[in-house]
Amino acid sequence: MVIDALKSPPDSKVFTFGVIAVEEFCNRVEEWPSFCIALYKIPHLHNTSYKSFELIRNIVSLSAKSIQGGSDSAGSAASVQSAPQDLARPSGGADTTHKRPFTSLDPSPPPSAPGVEFSDPSEDVQDKIQFAVNNLAQSNLEEKLAEVKESLKESYYVWFSQTVLVKRASQEPNYHALYLKFLDLLNSSLLTRCILHDTYLNIQRLLNAKTTISSSQDRLQLKNLGSWLGGLTLARDVPILRVNVSFKALLMEGHESGLLVVAIPFVCKVLEQCAKSTVFQPPNPWLMGIIKVLAELYRVADLKLNLKFEIEVLCKALKVDFASISPSNLLLSNAQEAANALAQDLARADMLGKTPEAPQPMAAVGATAAASGAIRMATPGTYMHIITLTSDDITVDIFSVLAQHTQFAETSEIFQTHPALKNKYFLVVGKAIRSIIPAHISRSVTVAVCCTRDTIVKDFCGDSDEEQMHRCAQIMARSMAGAMAVVLARDALKNALLREIFELLVANGMKEPIAEQASCALVASNLDLACAIAEKEAVERASVKIDEVLAPSYHSRKRTREHTGQPFYDMATYGRLMYPADFPDILKIKLSSLPPGVLRVYEDYAQIPHFLSQIVANPTGLAALGDGLRKGMYTPADRWSLQ
């Protein structure tokens, strides 16, 4: 299409389209010599002064000289390097001497405006702007906006985007909506371009940093920036240009370099913002093309459970039935291309009588059992849909729990002076808890049930005692779900409660410093209570769900024993078990009851404390707590009598 456009008359709009298209990828045009030759044969292009066509003419001349053998390589290289340096797209300040694993993300050129020279403001101005943004809230948005507008000049936009908004966006995902609204009210296209550019730069740095692989904090910041990027663009129906981020290529680079743990969460967080869009909603072809690549990775790449969960959450957010998605064939195509290249190398080596160099290995599609040193089954567990909860599904009577167990020790005078404030406090805190915990409970229950199902099915494939199987499954699922719910929800609850309580106290006439101190004291005293509500809900739902999932296994054992009098063995699972060559025989699963040592592992799940206060208040009571859990009498959350 580009070649046909450039064959049009030079004064036509079609020709202009072709010129702009070539300018966009001129830094890679030397990779397609046949394309360069086709352009070189168009007569009226020889009279143009476009820099891209000067480069194409140099490439064709170099190719002709190399074929004729009439010039040395040094002179030829010099002719190519004579092309203008500004044709190379900027790399965002990255070190070009070091090969980056992700090259499919390229920040846009630094923004500029006529007559604007970017600089840093004075320390007084910096402090004033940062103080206003620090105290930004929905209730004082207009007031803080006026303060920032008074001090923020266009020349400070780069500083403001780098050190204020983008830095905060990477650390405070709960405030993304507030910052985006604040950015809308500032109403500056130049500032938006600066923020978008700095967002790309930070994402590129985190994607290619070696520490991101091992640092959960860096990966969390990358996910937050993904949500921020999606909110800046897709949620507002603004496309993310392929020249800035090619999501399919990014996923393939992650697979080939073994860095899907970095790539998949980032891509999923960006695409989740499509749920707020009117243009990029399914079945948008661009969006569905990326989801199909994710579906192929889900089914083929032997992903870890947390990466599969990220993909499932994305599909749930976009209201896409994951089971109905037909995966792409990019992985298979890349594997076929690698096989063809290897065959050509072998054939060429055979003709020359040389041994071919070992090709660079592609990322393995799943590690082998021997490499990982762990027992694995030859086929994965069955797919389980994400457990979805809304605020209306929470069964705990949150208002009653708060009314009975909230501690007002350090702030009792405030609520004695304003009696009506206590009910408002219960309503605000209850609403915050109800809005925060469903997503975290869904995730914790889904992960706990999946892990428990796969572990129990493997461990008990040679054990015919369904009652013991049921008891171990209950202990593991309930304990894992409760612990994960507390861990996942704690930070989100803390931030939400601090914000909501602070705004409540300020709205009722309290000064901001006192309100901030009081809200911190209330959250410190009652955060465990809020987490216990999430724990209680997660434990009960995991208990019911694991029984549903394992019901066929229980029934098979009971039915076989009642009808035949013989024990039931899950030979399908037993036959798929694989062990490393040096795996100790004593640890291999046998067709008999589980040994006491393995059962002790399940028993110990019940004794894991979920709160620091459990250890501090009663370090000797953990055994009794475990006994109660094993007997199904109560959960750790029941110490607040949440029934």
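A residue counts as buried under 20% relative accessible area, as exposed over 50%, and as partly exposed in between. The structure described here is a predicted model, and on that scale 44% of the 643 residues of the protein count as buried. The secondary structure comprises 27 helices and 2 strands. Among contacts with a separation of 6 or more, 76% join residues 24 or more positions apart.

A good place to start is the pairing of aromatic rings. The protein has 10 aromatic pairs in total. In one of them, the ring centres of F399 and F426 are 5.8 Å apart and the planes stand at 80 degrees; since an angle over 60 degrees counts as edge-to-face, the pair is edge-to-face. The two partners come from distant parts of the chain, 27 residues apart: F399 sits in helix α19 (residues 398–405) and F426 in helix α21 (residues 419–459). Their surroundings can be compared with the scale given at the start. F399 has a relative accessibility of 38%, so this residue is partly exposed. F426, with a relative accessible area of 5%, is buried. Both rings belong to one aromatic cluster, which is formed by F399, F408, Y425 and F426.

The helices that carry this pair also pack against each other. Two packed helices are described by the angle between their axes and the distance between the axes. For α19 and α21, the angle is about 130 degrees and the axes are 9 Å apart. Angles from 65 to 115 degrees would count as roughly perpendicular and those over 145 as roughly antiparallel, so α19 is oblique to α21. The crossing of these two helices is right-handed. On the α19 side, the contact is made by I398, F399, L402 and A403, and on the α21 side by N423, F426, L427, V429, G430, I433 and R434. Sorted by class, the contact of α19 with α21 contains 8 nonpolar, 2 polar and 1 charged residues.

Just ahead of this helix pair in the discussion of the chain comes D393, a residue of the loop between β1 (376–377) and α19. D393 has 30% relative accessibility and therefore counts as partly exposed. The C-alpha atoms of D393 and P438 are 8.0 Å apart, although 45 residues separate the two along the chain. With neighbours within four places in sequence set aside, D393 is in contact with T388, E537 and R541.

Helix α21 offers another residue to look at, D459. At a relative accessible area of 13%, which is under the 20% limit, D459 is buried. Once neighbours within four places in sequence are left out, the contacts of D459 are I589, L594, V598 and Y602.

A further helix pair is formed by α7 (residues 141–151) and α9 (residues 176–186), whose axes come within 11 Å and cross at roughly 55 degrees. This angle lies between the 35-degree limit for roughly parallel and the 65-degree start of roughly perpendicular, and α7 and α9 are therefore oblique to each other. The crossing of α7 past α9 is right-handed. In α7, the residues that take part are L141, E142, K144, L145, V148 and K149, and they meet L178, K181, F182, L185 and L186 in α9. By class, this contact has 7 nonpolar and 4 charged residues, with no polar ones.

Note on methods: Residues numbered from 1 in each chain as written. Predicted model: local features only at pLDDT ≥ 70, side-chain atom pairs only at ≥ 80, totals over all residues. Heavy atoms only, no water. Axes fitted to C-alpha atoms, helices over the stretch in contact; angles between N-to-C directions. Helix = DSSP H or I, 4+ residues; strand = E, 2+ residues; numbered from the N terminus. Left-handed = near helix turned anticlockwise from the far one by under 90°. Contact = heavy atoms within 4.5 Å. Nonpolar A, V, L, I, M, F, W, Y, C, P; charged D, E, K, R; others polar. Phe/Tyr/Trp six-rings, centres within 6.5 Å; stacked < 30°, edge-to-face > 60°. Buried < 20%, exposed > 50% of the residue type's maximum accessible area, 1.4 Å probe, protein only.
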